[in-house]
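I opened my notebook beside the model and went through it one item at a time. These are my entries, kept short.

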Amino acid sequence: MDIFNNLMMGFGVALEPVNLIFIGLGQLIGVSIGVLPGINASMAVAILLPLTFGLSPEASLLFLSGIYMGAMFGGSITSILLRVPGTSTAAVIALDGYEMTRQGRAGLALGITAIGSWVAGTFSVMVLMSLGPWLSTVALAFGPPEYFALIFLGLSMITSLGSDSLAKGLIAGAFGLLLGTIGMDPGVGVSRFTFGILELDNGVNFIAVLIGMFAVSQSLLNLKKPLSHLFYKGKMTGLLPRLGDLKESLGSIFRGTVLGTFIGMLPGAGATAAAFMSYSIEARISKHPERVGKGDIKCVAGPGSADNAAAGGALVPLLSLGIPGSETTAVLLGALMIHGIRPGPMLFTQHSKLVWATIASLYIANCLGLILATVGIRPLTQILKLPTPIMSAFILVMSVVGSYSLANSMVDVWVVWIFGVIGYLMKHLRIPVAPVILALVLGPMAEKSFRQSLYMSDGSLAVFVTRPITVVMLLLGLISLFLPFIISTVKGGKK
Amino acid sequence: MGPGDFPTIIAVMLAIFAIWQFVDTFRRPVEKTETDSSDETESIINPQARRDIITGFGLFTVMLVITPFIGFSLAASLFVFSFVLLIGRYKFYLAIVIAVLIPSLLWFIFAFLLTVPLPKGPWGF
């Protein structure tokens with residue numbers, strides 16, 4: 001069994017004491033950050049990424065994915081206890097989770113979320129394990145036209161799934177693509193839009209863009225509503241669910257897990273969408289519709305599993321195709337590139353140790369999460385006592401130091417400043433931020449494969465319509481882009 | 001296909017999308033969706049909150065401008081001090097403590113542990 005051997009090797013690396021410490025540390029930081037409202041997983045990973053420069057590629061990826069998985073779970077803790085979703089993903093868990101708390105069943109709600117997360121994490125890692133190597137072999141046969149079509153498909157899904165207004169999503173995506181053209185052009189090496197700033201020749205550092213758009217703009221927005229005196233005073237008992245509760249929610253956990261994993265693999269959909277969809281499914285098929293919204297354990301278990309499953313699923317396209325489908329996986333891609341690892345279909349063969357160690361670490365992080373959930377919930381809720389102004393000041397200074405250390409230059413710090421402003425304005429105008437980041441990352445890849453395709457065909461665009469896989473993917477991209485628009489127009493016309 | 005073509009295509013697309021959004025705004029002027037309740041994007045009504053955000057952003061900008069001249073440690077201390085004092089409305093001495101703690105912690109992590117050459121002032125820190 002090839003996969004089994006690889007997995008054993010992965011566990012070998014991940015269980016090395018140093019790496020184990022980094023997984024645990026990442027998980028702890030991730031959960032604490034997930035607890036804090038206004039700081040989401042991608043922001044956490046972005047501002048903590050500079051900390052990993054000195055580490056080995058393995059340790060830094062394990063650390064960052066620990067944060068990623070931990071933040072998912074942390075968000076649900078405050079959702080359930082205080083109806084303050086730490087992350088947008090957890091917002092839907094707050095609906096029935098907080099009701100359960102009010103009924104004195106807080107422990108049960110948290111326990112079932114932890115178990116659901118664990119099941120979901122395990123399942124999505126298993127999917128990643130079996131699907132990843134296969135997908136990457138398929139992708140190895142891809143030429144530049146197929147690669148361009150694949151990126152196009154990914155980008156269109158990100159823009160159409162990630163926003164409620166298609167026009168705004170497209171604007172965000174095109175803006176990101178345009179940002180991606182800053183720097184040396186991939187064909188002949190001409191500097192574009194750099195205004196003579198040498199540091200920009202390698203392009204705008206997207207980690208700096210991300211820090212600006214998420215960390216800076218968000219920590220300023222957080223000043224709007226002080227969160228002081230929000231902490232849980234009640235008693236926490238019965239963390240371990242009884243057999244009856246477990247039996248009741250088992251189906252929901254499985255539905256949430258499978259749904260979440262596959263939604264997570266789609267670019268742009270992500271954990272939040274998965275959690276919301278799982279909730280609506282649970283609400284619809286419930287045998288006791290009167291209980292939904294009033295503390296139904298199924299409506300906690302389903303979304304609580306779906307979000308973690310989606311987090312694992314999102315790693316499938318990243319590790320097998322080198323294409324990130326969410327902001328957080330985009331940051332993980334940045335982490336790989338910083339260590340000189342070119343993500344793509346070659347990853348599974350060239351850096352198998354790293355990939356399998358990451359997969360194994362997700363497993364370990366899952367189990368650590370379960371332990372952390374049982375012993376650490378009370379101290380974790382105390383984090384909420386941290387006053388917003390101090391937190392904001394800390395994050396702002398951290399953004400400066402972090403972005404400076406990307407290349408030891410003030411240029412990146414000013415990039416952070418500029419995108420802090422842009423991010424703030426975009427949030428105000430309700431333009432989604434995620435397509436910008438992903439288009440900025442995928443844009444240069446798209447341009448490169450587009451131009452390589454044209455070199456192959458001596459400049460003829462026919463290369464994109466004569467290859468079957470390319471055509472199918474391009475069509476799927478167009479459909480996913482305009483289907484919501486067409487549906488809403490037809491519906492509007494009938495009205 | 002030269003270096004300028006790809007950016008041109010995208011720029012044209014961006015212009016089209018912008019016009020589309022512009023027209024859309026007039027066609028459906030009042031758009032109230034259920035997402036309006038999300039506090040993430042709610043428009044700022046509270047004047048004090050608005051003042052806090054503008055102050056915070058101003059202080060952040062000042063920190064970036066003065067960092068190359070007086071060094072990271074001092075610039076960050078001044079930033080945290082005024083931020084906590086003006087926005088957090090903390091007591092004077094508490095603000096000083098926080099203003100020393102946060103930059104020291106970050107200096108320790110980045111400059112000492114990770115050996116990042118953070119910008120220094122003329123006095124060597």
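**Entry 1: a contact point.** I started with A:V397 in this predicted model. I looked up its contacts, leaving out residues up to four places away in sequence. A:V397 touches B:A76, B:F79, B:V80, B:I102, B:P103 and B:L106.

**Entry 2: the core.** Next I looked up the largest nonpolar core, which has 201 residues. A:V397 is among those with the most contacts inside it, along with A:A46, A:I437 and B:V80. Which helix gives this core its largest share? I found helix α6 of chain A, residues 106-140, with 16 residues. Chain B takes part as well: the core draws at least three residues from each of its domain 1 (5-31) and domain 2 (52-113).

**Entry 3: helix α17 of chain A.** This helix covers residues 388-407. I checked its length against the rule of 1.5 Å a residue. Its 20 residues should span 28 Å, and the end C-alpha atoms are 30 Å apart, so the two agree. Is α17(A) enclosed or open? I noted that 18 of its 20 residues are buried, so it is largely enclosed by the rest of the structure. Just after α17(A), A:N408 takes a positive phi of about 50°.

**Entry 4: chain A as a whole.** I listed 20 helices and two strands in chain A. Its C-alpha atoms fill a box of roughly 70 × 60 × 50 Å along the principal axes. Then I tried the globule rule. For 495 residues, a compact globule would have a radius of gyration near 23 Å; chain A has 22 Å, which agrees. Of those 495 residues, 63% count as buried. I also looked at contacts with a separation of 6 or more in chain A. Residues 24 or more positions apart account for 80% of them.

**Entry 5: helix α14 of chain A.** I moved to residues 327-338. This helix has 12 residues and reaches 17 Å from its first C-alpha to its last, close to the 16 Å expected. It is mostly covered, with 10 of its 12 residues buried. Among the buried ones are A:E327, A:T328, A:G334 and A:L336. What do the buried residues of α14(A) pack against? I wrote down α3 (41-48), α4 (57-82), α9 (206-221), α13 (315-321) and α19 (434-456) of chain A. Just after α14(A), A:G340 takes a positive phi of about 75°.

**Entry 6: A:S60.** I picked one residue from helix α4 of chain A, namely A:S60. It has 23 C-beta neighbours inside 10 Å, so it counts as buried; the cut-off is 20 or more. A:S60 touches A:T52, A:L55, A:A335 and A:H339, not counting residues up to four places away in sequence. One of these, A:A335, is a buried residue of α14(A). I also looked up A:P50, 10 residues from A:S60 along the chain. Their C-alpha atoms are separated by 9.9 Å.

**Entry 7: where the chains meet.** I found 46 residues of chain B in contact with 46 residues of chain A. On the chain B side, the elements that give two or more residues are α1 (5-27), α2, α3 (72-86) and α4 (92-113). Which gives the most? It is α1(B), with 11 residues. By class, this side of chain B has 36 nonpolar, seven polar and three charged residues.

**Entry 8: inside chain B.** I noted that the C-alpha centres of domain 1 and domain 2 of chain B lie 40 Å apart. Then I went to B:I70, in helix α2 (residues 47-70) of chain B. B:I70 has 17 C-beta neighbours inside 10 Å, so it counts as partly exposed. It touches B:A75 and B:G121, not counting residues up to four places away in sequence. The C-alpha atoms of B:I70 and B:L106 are separated by 17 Å.

**Entry 9: two arginines with positive phi.** Most residues other than glycine have a negative phi. I looked up two with a positive value.

- A:R430 has phi near 60°. It sits in the loop between α18 (410-428) and α19 of chain A. With 17 other C-beta atoms within 10 Å, it is partly exposed.
- B:R89 has a positive phi of about 55°. It lies in the loop between α3 and α4 of chain B. It has 10 C-beta neighbours inside 10 Å, so it counts as exposed.

Definitions and conventions:
Residues are numbered from 1 along each chain as its sequence is written. Chains are lettered from A and ligands numbered from 1 in the order in which they are written. This is a predicted model: local features need pLDDT of at least 70, side-chain atom pairs count only at pLDDT 80 or more; totals for chains, interfaces and linings use all residues. A nonpolar core is a set of buried Ala, Val, Leu, Ile, Met, Phe, Trp, Tyr and Cys residues joined through C-beta atoms within 7 Å. Helices (H or I, at least four residues) and strands (E, at least two) are DSSP runs, numbered from the N terminus. Domain bounds come from an automatic or database domain assignment. Two residues are in contact if their C-beta atoms, placed from the backbone, lie within 7 Å. The expected span of a helix is 1.5 Å times one less than its number of residues. The radius of gyration is taken over C-alpha atoms; the globule rule is 2.2 Å times the number of residues to the power 0.38. Ala, Val, Leu, Ile, Met, Phe, Trp, Tyr, Cys and Pro count as nonpolar, Asp, Glu, Lys and Arg as charged, and the others, Gly among them, as polar.
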